[in-house]
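The exercises below are meant to be worked with the sequence and the model side by side. Try each task before reading the solution that follows.

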Amino acid sequence: MASKWDDLAEWWAREVEQDPAYPLDVHPILRELMPRSDGLAMDLGCGEGQGMRLVGGDVFGCDVSLDLLRRANAGGTVVQSELPDLRWLRDKALDAAISVYLLDLIRDHASFFAETARVVRPAGELVVVINHPAFTAPGSCPMLDTDDEILWRWGAYFSEGSSTEPAGDGVVEFFHRPMDELLTSAAAAGWVLERMIERGLSDDTVARIPFYAGQQHIPRLLGVRWTRSEDSSQFTVDSPL
Ligand SMILES: C[S@@+](CC[C@H](N)C(=O)[O-])C[C@H]1O[C@@H](n2cnc3c(N)ncnc32)[C@H](O)[C@@H]1O
């Protein structure tokens, strides 16, 4: 069974401090996709607050872990909430929502898109950065070819599924859905795709973690910015919550 995030908080705070992939790979994607409006933004699954610090301005965080929220609170207002439930927020309350490394921890992605579409105003934005679906597919992993090239085994890419991965002294459950399901589900909730980024680990990260040498060409991160449709008659799903 997956660990509680309060039990993983210490580990996660150390990851943020020590893993070079955050400053070198994740933050650049978030900067490139940054919401353009300067209105009220929410960071969903804010953790210890690195996304809130990066976005700046009028931003508040929400997360399930009280321990991590105490740390994030230094950078702004925080709310404890188990996502994707956003019933505590009124319709169109936000100008933008951002979420880094959360959606692949959420079982019900349709509710995540429907609820964010409900609480973000028309023409507002949603920015998501997650592990790339090629990376989260159960059974996917790197393989060494006979000529020493590192290839990627796709595993059960085309089906939705989950895998349990070690995290500090505990485990985290990652929920996989292929790219077509992810994008179709967002569109059905009223999110209009504006920009999508797919990346591997950068040369700079690999130079600091030589274990990943040769894996730069393997899809590792996905970042997407959507705009909330102004025409709600296009939506094919209501928030199921
Ligand atoms: C991998 S960490 C990412 C934290 C932060 N976004 C960052 O980039 O540093 C995942 C975060 O999501 C939170 N989280 C996981 N499942 C959640 C849920 N169902 N509702 C709210 N927060 C959740 C965890 O407590 C943790 O802070």
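**Exercise 1. Find how β4 is held in the sheet of this predicted model.**

Solution. Begin with strand β1 (residues 41-44), which runs parallel to β4 and is joined to it by 3 bridges. One such pairing can be located by residue, since the bridge partner of Ala41 is Ala96 in β4. Next, turn to β5, which also runs parallel to β4 and is joined to it by 6 bridges; here Val100 stands opposite Val129 in β5. Finally, consider the surroundings of β4: 7 of its 7 residues are buried, so the strand is largely enclosed by the rest of the structure.

**Exercise 2. Write down the strand order of the open sheet and explain what is particular about β3 and β10.**

Solution. The sheet has 7 strands in the order β3-β2-β1-β4-β5-β11-β10, and its pairing is mixed. At the edges stand β3 (78-80) and β10 (191-199), each with a single partner strand, so one side of each is left without a neighbour in the sheet. From one strand to the next, the twist averages 15°. To see an antiparallel pair, take strand β5 (residues 120-131) and strand β11 (residues 221-228), which are joined by 7 bridges; in this pair Val129 stands opposite Gly223 in β11. As a general point, strands of a sheet pair through backbone hydrogen bonds, either parallel or antiparallel.

**Exercise 3. Describe where α5 lies and what it packs against.**

Solution. First place the helix on the sheet: α5 lies across β4 (94-100), β5, β10 and β11, and it runs at about 145° to β5. Then ask how far α5 is covered; 9 of its 11 residues are buried, so it is largely enclosed by the rest of the structure. Among these buried residues are Phe112, Phe113, Glu115 and Arg118, and the buried residues of α5 pack against β4, β5, α7, β10 and β11.

The last step is the helix pair. Helix α5 (residues 109-119) and helix α7 (residues 179-188) pack at an angle of about 35°, with their axes 8 Å apart, and their crossing is right-handed. In this contact His109, Ala110 and Phe113 of α5 meet Leu182, Ser185 and Ala186 of α7, which by class amounts to 4 nonpolar, 2 polar and no charged residues.

**Exercise 4. Identify what surrounds the ligand.**

Solution. The ligand has 19 residues around it, of which Trp5, Gly45, Gly47, Val64 and Leu83 come nearest. The elements that give two or more residues to this shell are α1 (5-18) and α3 (50-55), and α1 gives the most, with 3 residues. Sorted by class, the shell has 12 nonpolar, 5 polar and 2 charged residues. Leu83 deserves a second look, as a cis peptide bond with omega of about 15° joins it to Pro84, and Pro84 lies in the loop between β3 and β4.

**Exercise 5. Are Ala123 and Asp148 buried or exposed?**

Solution. Ala123, found in strand β5, has a positive phi of about 70° although it is not a glycine. The limit for an exposed residue is 12 or fewer C-beta neighbours within 10 Å, and Ala123 has 12, so it counts as exposed. Asp148, in the loop between β6 (141-144) and β7 (150-153), likewise has a positive phi, near 75°. With 7 C-beta neighbours inside 10 Å, Asp148 counts as exposed.

Conventions
Residues numbered from 1 in each chain as written. Predicted model: local features only at pLDDT ≥ 70, side-chain atom pairs only at ≥ 80, totals over all residues. Near = placed C-beta within 6 Å. Helix = DSSP H or I, 4+ residues; strand = E, 2+ residues; numbered from the N terminus. Nonpolar A, V, L, I, M, F, W, Y, C, P; charged D, E, K, R; others polar. Axes fitted to C-alpha atoms, helices over the stretch in contact; angles between N-to-C directions. Left-handed = near helix turned anticlockwise from the far one by under 90°. Contact = placed C-beta atoms within 7 Å. Pairing = 2+ DSSP bridges. Buried ≥ 20, exposed ≤ 12 C-beta atoms within 10 Å, placed from the backbone.
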